[in-house]
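Work through the exercises below with the sequence and the model side by side. Try each task before you read its solution.

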Amino acid sequence: MNSTMDRRQLLRGAGMGGGALALSSWMPAWAQTNSPGLVRDLPVVSGEDIRLKIAHQMVTIDGRQGHAIGINGTVPGPLVRLREGQKVRLHVENALDEDSSIHWHGLILPFHMDGVPGVSFPGIKPRSTFTYEFPIVQSGTYWYHSHSGLQEQMGHYGPIVIDPEGTDPIVSDREHVIVLSDYSFMHPHKIFQKLKQMGGYFNQQKLTATDGEPMSIKDRMEWGRMRMDPTDVGDVTGSTYSFLINGHGARDNWTALFRPGERVRLRFVNASAMTTFNVRIPGLKIAIVQSDGLPVRPVAVDEFQIAVAETYDAIVEPIDDRAYTLVAESVDRSGMAVATLAPRPGMAAVVPPLRKRPLATMKYLGLGGMDHGGGGAGGCTPEHAAMGHCTMPEAGADAAAAAPAPAMDHGMRDFSVAPGVKKTPTVQSISPMPVDRMGEPGQGLADVGHRVLTYRDLVAVERNPDIRAPERAMRIHLTGNMERYMWAFDGEKLSEVKAPIPFLEGERVRVTLVNDTMMGHPIHLHGHFFELVTGHGDFAPRKHTVNVQPGGTATFDFTADAVGDWAFHCHMLYHMHGGMMQVVTVRPREDAA
Amino acid sequence: MNRLLSIGVALGAFVAAVPALAQAHDGHGQQDAQPAPKPAPAASGCTPEHAAMGHCKMPEPVPAPPAQSSCTPEHAKMGHCTMPEAKPEPPPAATDPDCSPEHAKMGHCTPKTSAVDDTAVGTSLPAGDAPAPRPVAANYADRVWGKNDMQPARDMLRREHGGGTFNQVMLDLAEVKIAKGHEGYKFEGSVWYGGDINRFVFKAEGEGEFGEAMEGAELTALYSRAIDPYFNLQAGIRQDVGAGPDRTHAVIGVEGLAPYWFEVSGYLYLSNKGEVTASFAGEYDQRLTQRLILQPKVEFDLSAQDMPELGIGSGLMGAEFGLRLRYEIAREFAPYVGVVHETKFGRTADYARAGGSDASSTNFVIGVRAWF
C-alpha cells in the first residue's frame, strides 16, 4: 500500500507544475500536454495513402525512460483519420527484427486485410512493407494494434476516427481523443513468465492476517477451501503498470481544453493490454453517445467501465470556468490514469484518491443464482437445471431456497453442467449457476453512490440491419486456471484445438459466453458487429467487444456475413497469449455443403 | 497430518485415474463432432456495411421466420428438452433480464411480463435449433496468400497462443542452523522447464554441519505432468550423494496445491537395493502483511524396512517441523528467520542414540528464499 500512497501524493503534487511540461518529441500533437483538441489543424495521418512505420524507440513515462515499440515515432501511434466512403491504402513498414502486424480493430473489411498473422494473412516480415487496402464502410471511433506476440503491450497501438459521410449526427463544438493504456518497464515476455511462475505475482492487495477486511474467518476458509482468491481482480496491476492517457503518465497532467458552455466530445479508446478502467470526471455528467464506434441513444452517467478494446464516445458540457479531473481507475484500484479538462493550460483540479479495491463474492464464482433469493425462477440457469435443482418451476421450490451454503452444495468443477467443456487442467472451476450480468455496472461499481453505465443502458440509434431470429444458439465457456495461469475457451487452448468454430454465410446465431473464471474477459469477434441480447429487440446495441463479467454470462446475436477466417479471443493480452483464442470460420453455404 | 497421510493414499488413486482422464477426454472429442449441416433456408447475410463494400446486394426487408424450438443439441444432452419432438412454443415474451425467452421456453422460469408480446423483434426473438455446420480447417486465407506462406504463420499462431515453454529456478531454502557447536547448513532448490502440462524438474538438496561431509544430499530428475488444475504427477530418478552409502532410487509422486492453499507433496522411492521409502511434505503461507509471510512446514519420512547401514529403521523414521518468517523485499527475494524441530522415531531414533547423536533437536535458522 506504500506505493499507492506515494502515487496519490504524486498525483496531488502533479497539478502544480502541470502546465510547465515540455512537449516530448515522441508524442503526437493531439496527445501533447495541453492539447487544444482535434478541432484544430493537427498532425494526424489521413488520405487515401497512409504510411505507418513500426519501430523500436524509447519513451519517457513520468520522467523515466523505457523501451517501446511505436508507430511513426510515437506511442500511441498517430491518429488515423478517415472518412466513410473513401478507400484507403495503408503502407505498413516493419522496421523490427521480428514479424509484426496491424489489426484494424472494429473495422468491417475483407478478412485477408484484418491483420492477424496465421488467420488472415502471413504477417509482415522484418524489414518489409505490407500494404493494406480496403474501403471504409462505417464511421466512428476505433483503434489499431499489433496482433503479433506481445508487441501491443510495448506501445504498438493507436486510435482511428472515421467521420461519417454526411454531417455527424453527434453534434459537438470540439473533440478530444482519449487513448487509455498501460505501460510497464518490465518486458512483456518477463511479465508473462512471472505470471506462469506465480499467478498472483502482481497482486499486492491480497488478503492478509492484518488487513482488517470485513470478512469472516468462515468466508476466508471457504475461499481457501476452493483455492480461489477474492482479491484476484486484475492479473497485472499498478504494481508494475503506469496507466497512461494518450501516452502520458499521471504526472504529466495531460490537459484537454474547452471553453465553458461548449459541448465537448470525448472519444475513449481502451488500448490497454490488461487493464479494465472505471472512468469518471467528478463534477460532470457523462453522456454516452457511441459504443464501439456505433451511435447509441444518449445515456447520462457519472461513471462507466471500459474494458480492454472497447471504445465509448461521450459528450460532456462543462459550464463553469474551472478545471475538471478525468480519472480512469484500474478495476482492481491499484492505480489510475489521470488527465485534466480545463479552459486554459496549466490548470488542475483535485485528484480523488484511489478507492478501496473490491472483493469478489460468491457471484463471481458463478453462484449468481443464489443472489436472486430463495425460489426465484430467474436463478434457474441451464447449468443449475442440469444438476436437477430447478428443472421445473414447480419442482424448484426446494432448490434455491433450500440450499444454505451455495459452495457447499455445488462442486466448483462439475463438467456435467458444461457438456462442451474439455476436462483439462485449464479448467479450475465451472460456474455452477452463472447469471446474465449485462445489467450490472461492473466489479466494485454497484455501491459507488452514483449512476454507472451498464450494457443494458445501451440502445442503438439505428435499427439493427438484421432482425431475424437466430437460427441456432450456442454456449461458449471462458475457462481458466489462475494457479497455472492457463486460459482457454471450453477448456482447450488455441494451441490444442483441432478445428475452428464454423458458421455458414448469412447464418444468424445466438452466442452465450459463460465466464467460468473470477476475472472479466473482454471477448472480441473480428470482422463482425454483434447485437447484445439485452432486451432492446431490433435496437440492440452493436459491438465488436463484450466484457463478460466474472462468474456471469453475456449473450449476443450475430449474422455471419463476412466470409473467411476470423480471430475470436479474449482481449486481455496475456489471456490471449496463454491460449484464450479461437478461430471463427464463415464459409459460403455451397462450400460447406 | 491426516491430510498428508491421505495424500499417500491419493497417490495411488491419481495414478489409476490417469487413463480414466484420458478416456473422458476422448469421449468429449467424439461428442463434439457435429452432424453434417442441413441446407438452411436461404437468407441474406448482407449487412449495409457489406453491401457498401460491394460484396452483396441488400435484399428487401426479410420477414422474420417463424420461431423455432430453442432446444439446442447441448441442452438436449443436458436433459433440458427433447430435440425433434419438442413442439415449438412461439410466444416470444418481452425479454426479462432474469428470464430469457429460451429458459422460459424450457419451463425454467416465467418472465415477469406475463402478457404475450406479439411485437417481439430482433434480439427479443427466441433462437431456433438449426444444427451447427460441420467443422472445417481454418485455412481460408490459403486461397489468398497460398498455403506455403500461411502454414508457418499458422504454426506460429498456435505456438504463441498457449504453446509456450517457461522455466523457473527456485532456491526454496538456503539457511544456516544456529546450534551450539553444531552450526550447520541446509539447502533445497529446484529448476523446472517446460509447457503448461509437461515439464522437466530437477531438484537438489543437502545439509550438514560446517567442516563435515554433506549429509542427506540428493539429486532428483523428474518428468512432471499436470493431471488436474492443481496437481502434477511426477516420476524419475533420485541419486543420493554425500556421506555414507549412496543409493539410486526410482521415484514416483504427486505434488501440488491442496484445498485451503496447502502446498503438499508425496513421493515413493524404490532403491537399487530393493528398499522402499516414502516422504511427505506440506507447507502453508500465512500472509501477515503483503510482504511478511509466516510459513509452517512439515515433513515426514517413512521406510518399509530396516536399513541399518543407513541408520534407518522401518516405519516412521523422522519428521521435521519448521516455522519460518520471511520478508519479501521482492517476490523473488526474501530473507527469513525460523525455528526448526527435527525428530527421529522408533528404531531410527535408537540408531541415532547408539551412534551418539540426539534423537531430536530444535534450532534457530536464518536464511534466504530466492527465485527467478
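**Exercise 1. Find which residues A:Phe268 is in contact with, leaving aside neighbours within four places in sequence.**

Solution. Start with the cut-off: two residues are in contact if their C-beta atoms, placed from the backbone, lie within 7 Å. Next, list the partners. A:Phe268 is in contact with A:Ile178, A:Leu180, A:Val279, A:Ile306, A:Thr311, A:Tyr312 and A:Ala314.

Before going on, note the ground rules. This is a predicted model: local features need pLDDT of at least 70, side-chain atom pairs count only at pLDDT 80 or more, and totals for chains, interfaces and linings use all residues. Residues are numbered from 1 along each chain as its sequence is written, while chains are lettered from A and ligands numbered from 1 in the order in which they are written.

**Exercise 2. Place A:Phe268 in the largest nonpolar core and name the strand that gives the most to this core.**

Solution. A residue is buried if 20 or more other C-beta atoms lie within 10 Å of its own, exposed if 12 or fewer, and partly exposed in between; C-beta atoms are placed from the backbone. A nonpolar core is a set of buried Ala, Val, Leu, Ile, Met, Phe, Trp, Tyr and Cys residues joined through C-beta atoms within 7 Å. The largest one has 155 residues. A:Phe268 is among the members that touch the most others, together with A:Ile160, A:Leu180, A:Ala314, A:Ala328 and A:Ala337. Strand 20 (residues 336-342) of chain A gives the most, with 6 residues. Strands (E, at least two residues) and helices (H or I, at least four) are DSSP runs, numbered from the N terminus. Apart from this core lies another, of 12 residues, including A:Trp223 and A:Met433.

**Exercise 3. Is A:Gly335 buried or exposed?**

Solution. Locate it: A:Gly335 sits in the loop between strand 19 (324-330) and strand 20 of chain A. Then count. A:Gly335 is buried, because 26 other C-beta atoms lie within 10 Å. Finally, check a partner distant in sequence. A:Phe243 is 92 residues away along the chain, yet the C-alpha atoms of A:Gly335 and A:Phe243 are 7.1 Å apart.

**Exercise 4. Give the strand order of the open sheet of 5 strands in chain A, then follow strand 4.**

Solution. Two strands pair if DSSP finds at least two bridges between them. The order is 1-4-9-8-6, with mixed pairing. Strand 1 (45-46) and strand 6 (103-105) are the edges, each pairing on one side only. Strand 4 (residues 80-83) of chain A runs parallel to strand 9 (residues 157-163) over 4 bridges. Here A:Val80 stands opposite A:Ile160, and A:Arg83 opposite A:Asp163. Strand 1 also pairs with strand 4 in the parallel sense, over 2 bridges. There A:Ser46 has A:Arg81 as its bridge partner. Now read the faces of strand 4. A:Val80 and A:Leu82 point to one face and are buried; A:Arg81 and A:Arg83 point to the other and are not.

**Exercise 5. Trace the pairing of strand 8 of chain B.**

Solution. Strand 7 (residues 262-271) and strand 8 (residues 276-284) of chain B pair antiparallel over 9 bridges. B:Leu268 has B:Ala278 as its bridge partner. These two strands form a hairpin with 4 residues between them, and B:Gly274 in the turn has a positive phi of about 80°. Strand 8 also runs antiparallel to strand 10 (residues 292-303) of chain B, joined by 7 bridges. B:Glu283 stands opposite B:Lys297 there.
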